[in-house]
Amino acid sequence: MVDNCCAPGCTNKRGKKKGTSFYRIPKDAERRAKWISAIKRARSKQNKTERWDPPAVGFRLCSDHFISGRKSDNPLSPDFVPSIFNYVPSPEKRKRKMRLEVFNRRQKAKLQKIEQTKLSAKAIPPRASTDCPQDSNKDPPADQTPTTEPLKESTPEEPGNDVQPVLHEDDPATPPCSTETCGKHVQSLEQECQALRTENMLLKEKMNRTTLNEMSLHNDDKRVNTLTGLSTYSILMTIFHIVAPFLKLKSCLTCFQQYMLTLMKLRMNLSFEFLAFYFGIDSTTVSKLFKHCISVMHCRLVPSLVLWPDREYLRKSLPYAFRNGSFEKTVCIIDCFEIFLEKPSRLLASAQCYSSYKSHHTMKYLIAICPQGSICFISTGWGGRTSDKFITEQSNFLSHLLPGDVVLADRGFLVKESIQRCQAELKIPAFTRGKKQLDPVDLENTRCLASLRIHIERVIGVLRQKYTVLQSTVPISFTDIDRENDVTYLDKIVSICCALTNVSESVVPFQ
């Protein structure tokens, strides 16, 4: 017999405290997994990362780890799974006790409602015997039993008159109910049953429309675009099948709901509190699921959707506007955009992130699009004080250039020498400083360059319009670094938004 509790940090022993019970780990696979996950016990002191899998016998859990002091076999009860452990903070323990109180009040209300239903059913008088002809076969009351004729003795050959054969509904000898009252009653029941079936079907359809699942969004591209920014349902499901195998399977939400939660956050910038209310979970859980899904999408989508194009492909599919002697070798258009950020608490970080151009604390990103309009490069985030030249030289952008490439940019990108070291060419609008007016050739080239460079402004505008999380002031917590990938969560969010924008229709016309 086991005398100790298996929960880490629990010192309860059998007989140490009166009223303490010890429970076996359940054999049911699903409930057993929930118990083991809640206990959070390591396999051994040497191996703390591998999951603990207790044998069938030899381990018990004491009743102190249940809110009410004993386990419950009701799957709806908070005590169906143990939840009181040393690692659980005190505010969370108080919340769980409140949940148990709410559950008990609901159970009590249900029992009272059942009792009231029983009492009201007893108070209803019995139906008259004239409703159905079979009621006439019942025995009369004791005070109305005829006594004028003596009862004859029953013999095997002649059964007694007081013995009546028992007729059942399935018995073909049972006479059918043919009275007008019974017919009307049966007809009303059939009508009521049909009405309930229709109502049930309508409620199921309404629930499918309001619930976020694969069926509710099927053949509804407008709703998909509103919630996610993706143009069609097929694109939504294609991306989901790529990331689904890597999402958390053992979670309070399905993989599709985790995926939709992340896209809705990016698309509409909904608060974690609202998403927690909408999906019926805790806001802390929403934050964890969002960060996990962002990490999965960053690893699976960005490398395959944000690509530096091949030179041969660029030449073959070059839009008509670039087929000019001066711009036919254009490989990309570059620019920087900024995202508002909460003020950092540290003075050095605050100074590095303050942008005098935006008069706000920002994070700055270098973005490049190919002539076809797709985003082919996105840098990591830099403080808003950083210059465009510094970001271009310090990011990995220059390593993609080949000899003979042409890069289009604005006047602020003073990186001509850096790009020339890669044997490429930078084209920016002509400067008017020290000149009364531009030469006709420079003026024509500047006009043509401006008509082409405007495409990157349009792409940045579409990026911000599709995913409004890039329009608002981002919480400072999004700048936390993910140790596994050595990038911030804000960098992941920006990269994912660029990748999802690439699966939409290009803003650059081919002709």
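Select helix H2 (residues 90-123) first: eight residues of H2 form the largest share of the lining of the largest pocket. Helices here are DSSP runs of H or I with at least four residues, numbered from the N terminus. The model is predicted, so local features require pLDDT of at least 70 and side-chain atom pairs count only at pLDDT 80 or more, while totals for chains, interfaces and linings use all residues. Residues are numbered from 1 along each chain as its sequence is written, and side-chain values use heavy atoms, with hydrogens and water left out.

**The largest pocket**

Next, display the pocket itself, which holds about 1,900 Å³ of space. Among its 41 lining residues, select Val81, Arg96, Arg99, Cys252 and Thr285, the closest to its centre. A pocket is an open set of points on a 1 Å grid over the protein atoms alone, where a 1.4 Å probe fits, with protein on both sides within 12 Å along at least five of seven lines; lining residues have an atom within 4 Å of a point. The volume is the space filled by probe spheres set on the points, which are joined across faces, edges and corners.

Colour the lining by residue class: 19 residues are nonpolar, eight polar and 14 charged. Ala, Val, Leu, Ile, Met, Phe, Trp, Tyr, Cys and Pro count as nonpolar, Asp, Glu, Lys and Arg as charged, and the others, Gly among them, as polar. Then add H1 and helix H8 (283-300), which, like H2, each supply at least two lining residues.

**Charged pairs on H2**

Return to H2 and select Arg96 with Glu92, four residues apart, about one turn of the helix. Their closest N and O atoms lie 3.3 Å apart in a salt bridge, defined as a side-chain nitrogen of Lys or Arg within 4 Å of a carboxyl oxygen of Asp or Glu. Both Arg96 and Glu92 are buried (under 20% relative accessible area; exposed is over 50% and partly exposed in between, with a 1.4 Å probe and protein chains only). Adding Arg99 to the selection completes a network of salt bridges with Glu92 and Arg96.

**Salt bridges on H1 and H10**

The structure holds 10 salt bridges. For another, move to helix H1 (residues 29-39), where Lys34 and Glu30 are four residues apart and their side chains meet at 3.9 Å, N to O. Lys34 counts as partly exposed because its relative accessibility is 40%, whereas Glu30, at 56%, counts as exposed.

Finish at helix H10 (residues 311-316), which contains Glu312 and Lys316. These two residues form a salt bridge with closest N and O atoms 3.3 Å apart, and Lys316 is exposed, with a relative accessible area of 62%.
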